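Colleague: I would like a close look at a single part of this model, with the surroundings brought in afterwards. Please keep the account plain.

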Amino acid sequence: MILRRSKKNKKDGKGSDEYSEEYSEENENSAAETPPPAAVREVPVPAARSPHGTPVSTDICGQVRLVLQQAAEVYADHAEAAERIEAHLDRLDSPVRIAIAGKVKAGKSTLLNALVGEVIAPTDAGECTRVVTWYRNAPAPRIVMRRRDGESNDLPIIRQNGRLELGLGGVAPEEVDRLTVDWPSGDLATMTLIDTPGIASASVEVSTRTEDFLTPDEEQGAADAIVYLMRHVHADDMGFLEAFHAHAAIGSSPVNTVAVLSRADEIGAGRVDALQSARAIASRLRADEKIRSLCQTVVPVAGLLAETGRTMRQAEFNALAAIAAADRDYVDAMLLSADRFGRELPEGAPELPSAAIRSALMTRFGLFGVRIALPLIRQGITDSTALAGELVRRSGLEELREALTALFTERGDLLKARSALMALDSILRSTPLAETDLLLAQVEKIFSGAHEFVELALLGSLRTGAVALPSEQRAEAERLLGGTGQAQFVRLGLAPTASLQEIREAATDAMSRWRRRAENPASARPVADAARVIVRTCEGILSSL
Amino acid sequence: MPAPDVVIQTVEDALRMVTARGRTDLASRLRKTKDRLHDDRVRVLVIGEFKQGKSQLVNALVRARVCPVDDDIATSVPTAVYYSEKPVVTLVKEEPGADPDDDSKAIRVERTEASLEDLARYVSEMGNPANREGLSHVEVGLPTPLLQSGLELVDTPGVGGLGSVRATATLAALPGADAVLLVSDAAQEYTAAELEFLKHAMKLCPNIACILTKIDLYPEWRRIYELNQEHLTQAGVTAQLIPVSSVLRWHALDRNDNELNVESGFPVLATMLTNTVGQAELLVRRAVANTVAGVSEQLSRGLQSELGVQEHPETVESTVSDLRAAKERMTALRERGARWQQTLADGVADLAADIDYDLRDRMRDIQRNAEEEIDVLGDPSVVWVEFAPWVEEQVAGASSANFVWANERARFLATVVAEHFAEDGELSLPDLDVGVGGSMQAVRPMYLSDEGDPNLGEKALIAVRGGYIGTLMFGMFSTFAGLALLNPFSVGAGLLLGGRTLREEKKRLLQRRQAEAKNAVRRYTDDVVFHIGKDSRDMLRRVQRQLRDHFTEVATELETSLQDSLRTAEAGARTNSADREARIGELKRELASVAGLQQQARALVVTPAKAGAV
């Protein structure tokens, strides 16, 4: 039932005012009477970021870590709570967790493989992923299965044809809580990826497993951000995203979701211009008010093309090159359908790689992939690396990675801190102790005081339409708040090569414009409030220069 | 459907014979049958989710790009494609008329001609978003051989999620269809929603074929085919699964390549459609055969009795007994007349009560669930955006289940009534039109009167109200102890009470919102019960009227036949012997021709339906 999940949601949207009112008094008292705990303890501060990193740096992770450590001390005697707090402390140091979710057969595992650049998530024509699987960066490969009853055991690592085989060793999927795959990979160093079984599966249990994972009853969302895959917009998809937000994000905000129009190569029945169509559809979806309010952006990705591009082998290139060199009309006739391409050739046909090899190519590249790879080779691409690069470029994977970096990895600390704070909040409320109120007040103080959270909340309100601005103003506001990326030049809408002087000028200009809006007596109150937040953002940029 | 000549010929022969005998009642029945032969089309609905290739499929079938196809833009208005000598496009607008009780005036139809090029403007989301033009459907006539057999293909807008309100509307259209093609592409196996929809649809139109499209694009389509086959078996759906590729079909047509055409899977689909046409034809033949056989039976009964009298006038005994028998049959028929009417009236009353109860029961369940949810949810105004669609979805599901059930029951009632006539060898069932109007659209959406949180000023006012009383109360008490009205105690008490009042006000507000939300749900379900209930009652009234008219006609015919026998028996006794010989010859000839007609009618059913051209 979707509704249960949202029960906690109410406090997020309107809660912050309430909390600050209720606790501010106490808060001041505590500050006056007891010395701030920060003085007592040495807190590891994250290394300073590059000047083009997060501009407004108030060290949110440090503050959150501090509260968590205090809570850990307070709850030292409560084994369960302490364990959860420790887990969140560890989590602050690990990469941001991104869950890949979507309907059955939306191409989740394929996209994961494309992002990692290795075939480590099993894919199949039928429904394939049946348990939640975590992919983490680690020095050595290791697969651990954790069962529902709490026991864990290692699974053997079997690779076949460059694909990782994930068997459950005879354990039924419903008994498995999760699989964790440790894998040495540079791509996983900045984010931990979580593959989930499909929603709206014909088998009800599988669907439920994903929904349980993404929207747990406890307020401790396992993922910091979500990549939501959809084939075409669909009433079911919308319902699911809404339910997800109602629960996990700050006040139903879309700030931690990116939607992917997956299997983009299949639009228009695999025509060569399929990706252009996909881009047009994605931009229409981005402009749609309903979708705006659910996710930050919509990116089209041809998952299969990206996966194959990133994992292409020399032998595959050679086979493609041989086909490209053969009689063109004959090859074009073969390319009419996937069946024809993989069929045994009749007598008198040109010399071509064997049917088995061609079928394998079809599985790896898809009809669309082969259709665009052959002309590329004919036009003069001579080595597999160049072809792989071109396929990846055309698949839209780079755009997705940019979006993930700008929206999730760069903002990772903030997202992790948010997950940790929300979890702590729920622990504190479920197990109240003498010191609980004090800790709660601190949690609230960070939530309402830290400018990053304020930015995030405002970004959410802008996207959901809770704060209404004219459209160009809204676009600028979202950009300044980090809606398209965290770097200063991105926020100010400048080129990456912008000089310090240009950045300063642009920031000053934006600041004075938004200050006028903030001070304009004709502005409605939410608009004026929003403008004030943006002014502070600009101040932050200026002061960091 | 344009029936084969032999069928039409049979009906016309019968009509001539009946008119010659002066039996206007039988003539009108035959004329009705004849009309139906002329305009009946075999309707095949093409349904499925968004972007599965429905329009593409219809285009490839009829070998013409009639239905607009686009990567992104979806179809918004149903498009019916049928046979005509030259291409013609008709836009049809239907509006409910003033008098819903009168079938003939229930719907006002407005038809406009348009050109084939303009079609996209009317039927796609681009030119006609969310069907702004208010078209009920568009008809396209095409000179395609496949359609010549009377086939009509209806391309429907995709149902956004097969559990939606749109899906309910699609379900309502199913009983009128001869076959349904459920289109789903080979990208993935069936989802839970599709299987659920299939199960519902099976009950309304048993002739379903599942079409697996885009098999040129997916190398693994055979796996999907097997998986779907398994899903169908598990769900207990007996439907043919046909893999096709519209793209290959087009290539095949362009190159005139038969091998490619076979590969596209379209010949199998075309055979399935031809079989459907064949079946529909068989049904029509059977109906015609039954009607004609019934008519000739009645004719020959009259002739037989007269012949008996003419041949043996001296056996007054037999004439008398014949007369008596005929009179008894008349009485019996009248009695039965009362009985079948009773059955019909009771049946409809029961049915109305049952359907109403079923609907109310389902709605009450939803309402109860919704109220439980509201209690757990806390502030309902926050989650309203997702709560309201949830309730609406539940309601849509419940009302379609109710509709399916009502439909089954109405058909059953028809067979029960028909049993009364079984003794006379006439078990004819009327064609029931049990479609419902689109009353779900008339239901007002659920809304929650918006009353925001008290703002700071209001909060202050509320707090001051409580605080003031507290201060005053304790101030008054403490004046007894010789303190001033405003002293630390009274101010403290004021603050305490002020805070308390504020908290209570918040709690009260929450409770009020919950009550408001529950009210909104109740209003909504009431509204649904009202509209759907009205719809079912209308449907039942229509069914009752159809059954009554049909069976009254049957009864009248029987009565006329018997009166005929009576009259001839009486007349036979009075005729002189000279005329008698001539009359006997005449009667024998007539009887022979009636027997010939009967033979002809029987032959209609025996002849196997010829397979049409693809």
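In β4(A), which residue is the bridge partner of A:M145?

Modeller: This is a predicted model, and the part you ask about is the sheet of chain A. The bridge partner of A:M145 in β4(A) is A:N153. That pair belongs to the link between strand β3 (residues 142-147) of chain A and β4(A), which run antiparallel and are joined by four bridges.

The whole sheet is open and has nine strands, in the order β4-β3-β7-β2-β8-β1-β9-β10-β11 of chain A. Its pairing is mixed. The edge strands are β4 (152-155) and β11 (298-300) of chain A, and each of them pairs on one side only. From one strand to the next, the twist averages 25°.

We can now step inward from the β4 edge. β3(A) also pairs with β7(A), in the antiparallel sense, over six bridges. Within that pairing, A:R146 has A:R178 of β7(A) as its bridge partner. On the next step the sense changes: β2(A) and strand β7 (residues 176-183) of chain A are parallel, with five bridges between them. Here A:T133 is bridged to A:L179 in β7(A). The three pairings described so far show what mixed means in this sheet: β3(A) runs antiparallel to β4(A) and to β7(A), while β2(A) and β7(A) are parallel. As a general point, side chains in a regular strand alternate between the two faces of the sheet.

A helix also packs on this sheet. Helix α4 (residues 108-116) of chain A touches β1 (96-102), β2 (133-137), β8 (191-195), β9 (225-230) and β10 (257-261) of chain A. The direction of helix α4 makes about 160° with that of β8(A).

Several sheet residues also take part in the nonpolar core. The largest nonpolar core has 253 residues, and A:I98, A:V260, A:L424 and B:V44 touch the most other members. Its largest share, 15 residues, comes from helix α15 (residues 488-574) of chain B. A second, separate core has five residues, including A:L336, B:V247, B:L248 and B:L260. Returning to A:I98, its contacts beyond four places in sequence include A:M191, A:L193, A:I194, A:A225, A:I226 and A:V227. A:L404 and A:F408 are also among the residues that A:I98 touches.

After β10 comes a loop worth a short stop. A:R263 is found between β10 and α8 (274-287) of chain A. Its phi is near 50°, a positive value in a residue other than glycine. A:R263 counts as buried because it has 28 C-beta neighbours inside 10 Å, and the cut-off for buried is 20 or more.

Chain B offers a residue to set beside A:R263. B:N256 lies in the loop between α9 (246-255) and α10 (258-263) of chain B. B:N256 is not a glycine either, and its phi is positive, about 60°. Its surroundings differ, however: B:N256 has 8 C-beta neighbours inside 10 Å and therefore counts as exposed, the limit for that being 12 or fewer.

One last residue, B:V18, lies in helix α1 (residues 5-20) of chain B. B:V18 is buried, because 24 other C-beta atoms lie within 10 Å. Beyond its neighbours within four places in sequence, B:V18 is in contact with B:R23, B:L26, B:A27, B:L30, B:V295 and B:L299. B:V18 and B:L299 are 281 residues apart in sequence, yet 7.7 Å apart in space, C-alpha to C-alpha.

Definitions and conventions:
Residues numbered from 1 in each chain as written. Chains lettered and ligands numbered in written order. Predicted model: local features only at pLDDT ≥ 70, side-chain atom pairs only at ≥ 80, totals over all residues. Core = buried A, V, L, I, M, F, W, Y, C linked by C-beta atoms within 7 Å. Helix = DSSP H or I, 4+ residues; strand = E, 2+ residues; numbered from the N terminus. Contact = placed C-beta atoms within 7 Å. Pairing = 2+ DSSP bridges. Axes fitted to C-alpha atoms, helices over the stretch in contact; angles between N-to-C directions.
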